[in-house]
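Hi everyone, thanks for making time for this. Have a look at the sequence and the structure on the screen, and then we'll walk through a few features together.

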Amino acid sequence: TFEPGATSHGPVQRPTQEVAYMMTGRLNLTIGAHNFTVETGDSFRIRGEVFEWFNPYEEPARAIWVIAPPIY
């Protein structure tokens, strides 16, 4: 869950593959040099690229986010 105003606090890069499916809400996402707004029903994949996210919206955003290999 990404609460309103939540942010990644700058660029992130991990040696992983990550996929996510947006359950509710919206999230601003930058992957490499590409900017996206992902919404309910959207999905995306990050393959070791630099990325950032931010929820500037008034409602929480909820996603199923899978990271492989697990790093937590």
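Let me start with a question: is arginine 14 buried or exposed? Bear in mind that we are looking at a predicted model. Arginine 14 turns out to be buried, because its relative accessible area is 16%, and buried here means under 20%. Its salt-bridge partner is glutamate 18, with 2.8 Å between the closest N and O atoms. Glutamate 18 is buried too, at 1% relative accessibility.

How many salt bridges does a search of the whole structure find? The answer is two. Besides the pair I just showed, arginine 26 forms a salt bridge with glutamate 59, and there the closest N and O atoms are 3.6 Å apart. Arginine 26 sits in strand E2, while glutamate 59 belongs to the loop between E5 and strand E6 (62-68), so this pair ties together parts 33 residues apart in sequence. Both ends count as partly exposed: arginine 26 has 30% relative accessibility, and glutamate 59 has 31%.

Now for the sheet that E2 belongs to. It is an open sheet of three strands in the order E3-E2-E5, paired antiparallel. At the edges are E3 (34-39) and E5 (51-54), each pairing on one side only. On average, neighbouring strands are turned by 20° against each other, ignoring direction.

Let's zoom in on E2, residues 26-31, which runs antiparallel to E3 and is joined to it by six bridges. For example, asparagine 28 has threonine 37 in E3 as its bridge partner. The two strands make a hairpin with two residues between them, and glycine 32 in the turn has a positive phi of about 60°.

Definitions and conventions:
Residues numbered from 1 in each chain as written. Predicted model: local features only at pLDDT ≥ 70, side-chain atom pairs only at ≥ 80, totals over all residues. Heavy atoms only, no water. Pairing = 2+ DSSP bridges. Helix = DSSP H or I, 4+ residues; strand = E, 2+ residues; numbered from the N terminus. Axes fitted to C-alpha atoms, helices over the stretch in contact; angles between N-to-C directions. Salt bridge = Lys/Arg side-chain N within 4 Å of Asp/Glu carboxyl O. Buried < 20%, exposed > 50% of the residue type's maximum accessible area, 1.4 Å probe, protein only.
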